[in-house]
Amino acid sequence: THPFYHTQSLLIVPSILKRHPYLCFSIMNVPLQLPQGTSSSSSSAASLRLASPALNNNDHPDDNNNNSNSTSNNKRTKYDSPKSTTNTFEEERKRFTSLPSKFRSDCFNHLTAANLANLESQLLVDNNNDNVSAEEARAAVIGAALLRRIVHSTLSKKRMKTNMHVNSESAVSKQERESFENILNSHVLPDAFLTKLSSRYSDANSVPAVISPPTWLGLLRHFQKQSAGSRDKLWGLVQSAPWLDYVPVQCSSCGTVIPDETNPNSIDEDVGLKEVPPTAEEHPHVRAGWYRGPRSSIVFQIVCKKCDHVSRWYRSSEASTMLTPEKWGRLCGEQEDLRAWFAYHLEVPLRRIMPLDWDHVWSEYKGEDGHWMAPFDPSARNFAVRLEEGIGFWSGIVAVGDDVASCECVTEEYLTAVHSLNNDKDGGGGGRADLEFAPKMKEYRHLVQQARLDSTGRLCQARTVNGHILERAKFTDEHMTFILQRAVSDFGTKHWWEVGDDDVVPRLE
């Protein structure tokens, strides 16, 4: 049963059944009728795949282009756009849209239980409709806005940092390519680094003793020669290169690492950290982001506890900063910014993968066969295993790309092991995780569900309640996919907080 057709009255059932004969309503004990050729294993609402609804070209000028890029494995059924929503939904949407922009953004920047309560206190309306509660309507509006914001902020950041044209097929210009190569060529690699680099690769992909020039550009030129025109092989080499290595924040002199996880009572001073304003030279390169908690655009001054050396470090999305070869912290956000930067300039299709209520991010690459590939990094494809680390849970995973077909909820893929010949016994089934973790997937699903049910956020690594508000809204994975796809369709023509009727009350054909 689709969650938005739960009702306390049978009066609306006949009209819904007339419009949607394939739905199954437990309240009437009506068996599910499947279209011809549909297997019973896909009969639940959780297995249906949804798509962006038919929208007029004035609202979404790139809709036709996005649809033409869909591959057969991304086939989706369409929503029949509702003629109107309930008064309760409409009132909640109006109140949400009218909220002060700064207040709304501050709440969503780090959606803790306290921020959610503050947000909801501004959206209280009387429930004048018997078919939907004000609480459900409010959760649906907030949940839809949350997902829309993820998409719009991801695409905004990508467009800003790479100058890419989102939702277009514009090729990388000569000027952009030259700028890309100049940045790569600006970092001369130390001799010790080149020695370590040569030992990383097998004989088949060995790095010569002398890279010419001895810079990141020289390494890329070598990879392009080794790949012999194969995009898959080139991207595999780029993925394995040290420019995408995770580098912890550390002393720039002796390399003593600063722990990036905090204990409940830990403070920055305990590890030698202090927030300071950026200099005029640093300011253009500094960005806000998470490091031992949410941070504004500040610089960290590090006084090493081992050698007393004073270092400076900051979060950045500038390639020239992130490509610093030695002792510069490159966290998962920087890794993904660099990966997106390489992908854009090498014209490689990527989509960004983001867990809800956990501060992390990674990418999936679309292979030459048109399928999204499991991540190169085992800690990413086996992200479910991180639920056992003891630092908190996550509550879902979403994918955001440049077109409609690449945006979807992928929680199930990361809670399922890869396909095997013995799926019934080993738990595999075409997912992302390595097969060895298949027996643990039932346990991991339980932990994810616990995170969704936690209204305090204390169970989650980021101490936020994103998954909880989606749970309260009764959003299925398919409904979430639908919202994500609509958001990428209207990026550039609408704001993320402009939640539509279809976002909160979708209808299936």
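Strand β4 (residues 299-303) pairs with β5 in the antiparallel sense, and four bridges hold the register. In this predicted model, the two strands make up a hairpin with six residues between them. One of the turn residues, D308, has a positive phi of about 70°. Across the pair, Q301 stands opposite R312 of β5. Strand β5 itself (residues 310-313) has two distinct sides: S311 and W313 sit on the covered face, while V310 and R312 sit on the uncovered one. That pattern fits a general habit of strands, since in a regular strand the side chains alternate between the two faces of the sheet.

The cysteines come next. A search of the whole structure turns up zero disulfides. For C251, the closest cysteine sulfur belongs to C307 and lies 3.7 Å away, so the pair is too far apart for a bond; the cut-off used for a disulfide is 2.5 Å. C254 is likewise in no disulfide, its nearest cysteine sulfur being that of C304, at 3.6 Å. As for solvent, C251 counts as buried because its relative accessibility is 1%. C254, at 35% relative accessibility, counts as partly exposed.

Further along the chain, helix α12 (residues 332-345) has 14 residues. From first C-alpha to last, α12 reaches 20 Å, close to the 20 Å expected at 1.5 Å a residue. The helix is mostly covered, with 14 of its 14 residues buried. Just after α12, E347 takes a positive phi of about 55°.

Then there is the open sheet. Four strands form it, in the order β7-β6-β8-β9, and the pairing is antiparallel. Its edges are β7 (362-365) and β9 (408-409), each of which pairs on one side only. Strand β8 (residues 396-400) runs antiparallel to β9, and two bridges join them. On the β9 side, E408 is the bridge partner of A399.

What fills the inside? In soluble globular proteins, nonpolar side chains tend to be buried together. Here the largest nonpolar core has 46 residues, and F96, L147 and F475 touch the most other members. Helices and strands both feed into this core: α3 (87-97), α4 (101-109), α5 (113-121), α6 (134-162), β6 (350-356), β8, α17 (466-472) and α18 (477-489) each supply at least two residues. The biggest giver is α6, with twelve residues. Leaving aside residues up to four places away in sequence, L147 touches V398, L470, F475, M480, I483 and L484. A second core, separate from this one, has 30 residues, among them L219, W243, M322 and F342.

Finally, a word on confidence. The chain has a mean pLDDT of 78, and 73% of its residues reach 70 or more. Residues 1-85 fall below 50, and this stretch has 155 contacts in the model beyond near neighbours in sequence. The pLDDT is also below 50 over residues 420-429, where the model has 17 contacts beyond near neighbours in sequence.

Definitions and conventions: Residues are numbered from 1 along each chain as its sequence is written. This is a predicted model: local features need pLDDT of at least 70, side-chain atom pairs count only at pLDDT 80 or more; totals for chains, interfaces and linings use all residues. Side-chain values use heavy atoms; hydrogens and water are left out. Two strands pair if DSSP finds at least two bridges between them. The expected span of a helix is 1.5 Å times one less than its number of residues. Buried means under 20% relative accessible area, exposed over 50%, partly exposed in between (1.4 Å probe, protein chains only). pLDDT is the predictor's confidence in each residue, from 0 to 100. Contact means heavy atoms within 4.5 Å. A nonpolar core is a set of buried Ala, Val, Leu, Ile, Met, Phe, Trp, Tyr and Cys residues joined through side-chain atoms within 4.5 Å.
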